Amino acid sequence: MVDRASRSTLAVYVLSLRQLTGKGRVLTIAGLALVPMIPALVWLLTSAKPSASDLDDVLINAMLASAILPIVALAVATTALGNELEDKTLSNLTLAPVARWRIVAAKLGASATLIVPVIAASGAASVLIAFTGAGLGGSARAAAAVGVALAVGALVYASLFVWLGLFSSRPLAIGLLYVFVWEGLFSSFVEGMKYLSVRQYTLGIVQAIDGSRFTDEVIGTTAAVVIAAVVFSLFALLTVRRLMRMDVP
């Protein structure tokens, strides 16, 4: 039998999912998710065939892991609590008889419900089409590896950006700076920064599942999985702490 607290958490989750699936946001996410299909279809239909390393660098790394994944997560997760704060409706949640950690869990769960399937499906489908079109073997394994890795990356980004939406009044601007400066620049050229990069965790998991991808460019499998789990948990806890200590308007 479901207790009252669990029913309240479920109600917050359902309400959050409705708020996050507004028409404009859904169309934006769908449009972003379809972007990787464009080069994949081009490679499928033309005679110019990329190599496996080209697909690794251009499609998986530059497009999916570095751009589509974080931008979709940013567009969704920052609004999970950020919109409540901006609209001054967060107080309605915090005054309800629901533990703060349950509110965060519901918001994070709603964000992940929207982000993870879209990102994983987009990545797996585009990689499958591109590898098949290029006449490369192991397309199914590559697609599965990318789908799983993007799902993990989406969870980590969701945790990070839900916190950012509560922490800052300008989460989109800060999030974009983080994505393009920290993830795109520092983690690519500063060796030690790889261990503080969600993109690197994602690519590390791709390599763990499909050993022929990114053979010597990413952090090890154990580090990728462990640090991804730590970062996810850390920002979930920071969000709970922030929600417990802040003065909600």
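This is a guided tour of a predicted model, moving from the whole chain to its core and then to three single residues.

**The whole chain**

Begin with the whole protein in cartoon view and colour it by secondary structure, which comes to ten helices and zero strands. Following the chain from the N terminus, you will pass the elements in the order α-α-α-α-α-α-α-α-α-α. The radius of gyration is 19 Å, close to the 18 Å that the globule rule gives for 249 residues, so the protein is as compact as a globular protein of that length. If you turn the C-alpha trace along its principal axes, the span is about 60 × 40 × 40 Å. Should you display contacts with a separation of 6 or more, 74% of them are accounted for by residues 24 or more positions apart.

Next, switch on the surface, where the accessible area comes to about 11,600 Å² and 68% of that belongs to carbon and sulfur atoms. Beneath it, buried residues make up 48% of the 249 residues. Colouring the charged side chains will pick out 18 positive and 13 negative ones, and the centres of these two sets lie 12 Å apart.

**The nonpolar core**

Now hide the surface and look for the largest nonpolar core, a set of 72 residues in which Ile115, Val127 and Phe161 have the most contacts. To see which helices build this core, select α1 (4-20), α3 (37-45), α4 (52-86), α5 (90-95), α6 (100-133), α7 (139-167), α9 (198-209) and α10 (221-245), each of which supplies at least two residues. Of the helices, α7 gives the most to this core, with 17 residues.

Centre the view on Ile115 and show what surrounds its side chain. Apart from its neighbours within four places in sequence, Ile115 is in contact with Val72, Ala73, Val76, Ala77, Ala154 and Ala158.

**Leu93, in helix α5**

Select Leu93 next, which lies in helix α5. Is Leu93 buried or exposed? Its relative accessibility is 12%, and because buried means under 20%, Leu93 counts as buried. With neighbours within four places in sequence left aside, Leu93 is in contact with Val12, Glu84, Ile103 and Lys107. Of these contacts, Val12 is worth a distance label, since Leu93 and Val12 are 81 residues apart in sequence and yet 8.3 Å apart in space, C-alpha to C-alpha.

**Gln19, in helix α1**

Move on to Gln19, found in helix α1. Gln19 has a relative accessible area of 39% and is partly exposed. Not counting residues up to four places away in sequence, Gln19 touches Arg25, Glu84 and Lys107. Glu84 and Lys107 may be left on display from the previous stop, as Leu93 is also in contact with them. For a longer view across the chain, draw a line from Gln19 to Val226, which is 207 residues away along the chain, and the C-alpha separation is 32 Å.

**Leu45, in helix α3**

Finish at Leu45, which is found in helix α3. With a relative accessibility of 71%, Leu45 counts as exposed. From here, select Ala134 as well: Leu45 and Ala134 are 89 residues apart in sequence, and their C-alpha atoms are 9.5 Å apart in space.

Note on methods
Residues numbered from 1 in each chain as written. Predicted model: local features only at pLDDT ≥ 70, side-chain atom pairs only at ≥ 80, totals over all residues. Heavy atoms only, no water. Helix = DSSP H or I, 4+ residues; strand = E, 2+ residues; numbered from the N terminus. Rg over C-alpha atoms; globule rule 2.2 N^0.38 Å. Buried < 20%, exposed > 50% of the residue type's maximum accessible area, 1.4 Å probe, protein only. Contact = heavy atoms within 4.5 Å. Areas by Shrake-Rupley, 256 points an atom, 1.4 Å probe, with all protein chains shown as cover. Lys, Arg positive; Asp, Glu negative; His and termini not counted. Charge placed at Lys NZ, Arg CZ, Asp CG, Glu CD. Core = buried A, V, L, I, M, F, W, Y, C linked by side-chain atoms within 4.5 Å.
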